[in-house]
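Student: I would like to go through this model with you, one question at a time. Where shall we begin?

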Amino acid sequence: MQIITSKDNDIIKNIRKLKEKKFRDIANEYIIEGIKLIEEAIEENVKIKRIVVCEECLKDNCIEQKLLYKLAKFDCIYVSAKVFGLLTDVVNPQGILAVIEKDNSEENIKYTEDIILVLDGIQDPGNLGTILRTVDSARIKSNYFIKDKCRCI
């Protein structure tokens with residue numbers, strides 16, 4: 001297993017560029033981070049171009065063996081913690097990220113059809129109020145269904 005330790009490596013440079021929208025559009029790729037998102041991408045047969053794993057994550061057994069077996073069929077590179085820190089914007093990264101090819105299907109929103117707003121885990125009632133005022137200003141009229149703890153409406 002080869003571990004990339006240089007920030008000047010071409011692969012690392014290209015992945016770092018994907019932090020900017022301009023380069024994501026040019027390369028037609030984007031980054032996802034975290035074990036759960038990568039597992040979901042694998043299950044959904046998303047076009048995964050490359051998976052980057054932090055060497056410390058492997059040493060600390062942060063990634064389950066069954067996921068490591070799934071990763072074997074992809075182009076995986078291993079990087080030092082310092083290099084991984086340059087690639088991620090997450091405060092407490094899980095040590096794994098993937099470069100995904102964008103889906104270029106032209107599925108535009110049809111405003112003549114139903115628009116569904118789904119909110120999950122709203123902790124601040126002020127945030128919910130702001131969201132609902134924004135929906136109202138866009139003149140989207142519908143019934144609201146609020147599940148569980150929200151009593152703001």
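Student: Which residues of helix H3 are buried?
Tutor: This is a predicted model, and H3 spans residues 35-43. Buried here means under 20% relative accessible area. The residues of H3 that are buried are Ile35, Ile38, Ala41 and Ile42.

Student: Why are they on the same side of H3?
Tutor: An α-helix has 3.6 residues a turn, so residues three or four places apart point the same way. On the other side of H3, Lys36 and Glu43 are exposed. The buried residues lie on the same side of H3 because they cover an arc of only 130 degrees around the axis.

Student: What covers the buried residues of H3?
Tutor: The cover includes one helix, H5 (65-71). It also includes strands, among them E2 (29-33), E3 (48-54) and E5 (96-101).

Student: Is Thr88 buried or exposed?
Tutor: Thr88 is placed in the loop between helix H6 (81-87) and E5. Its relative accessible area is 7%, and the cut-off for buried is under 20%. Thr88 is therefore buried.

Student: Which side chain is joined to that of Thr88 by a polar contact of 2.3 Å?
Tutor: The side chain of Thr88 also reaches the backbone nitrogen of Val90, at 3.0 Å. Leaving aside neighbours within four places in sequence, Thr88 is in contact with Lys19, Glu33 and Pro93. The polar contact of 2.3 Å is with the side chain of Glu33.

Student: Over which residues does pLDDT stay under 50?
Tutor: The protein averages a pLDDT of 81, and 84% of the residues score at least 70. For the stretch in question, the model has six contacts beyond four places in sequence. The stretch under 50 is residues 149-153.

Notes. Residues numbered from 1 in each chain as written. Predicted model: local features only at pLDDT ≥ 70, side-chain atom pairs only at ≥ 80, totals over all residues. Heavy atoms only, no water. pLDDT = per-residue confidence, 0-100. Contact = heavy atoms within 4.5 Å. Buried < 20%, exposed > 50% of the residue type's maximum accessible area, 1.4 Å probe, protein only. Helix = DSSP H or I, 4+ residues; strand = E, 2+ residues; numbered from the N terminus. Arc of directions from axis to C-beta. Polar contact = N/O pair within 3.5 Å; in protein donor to acceptor, adjacent residues only side chain to side chain.
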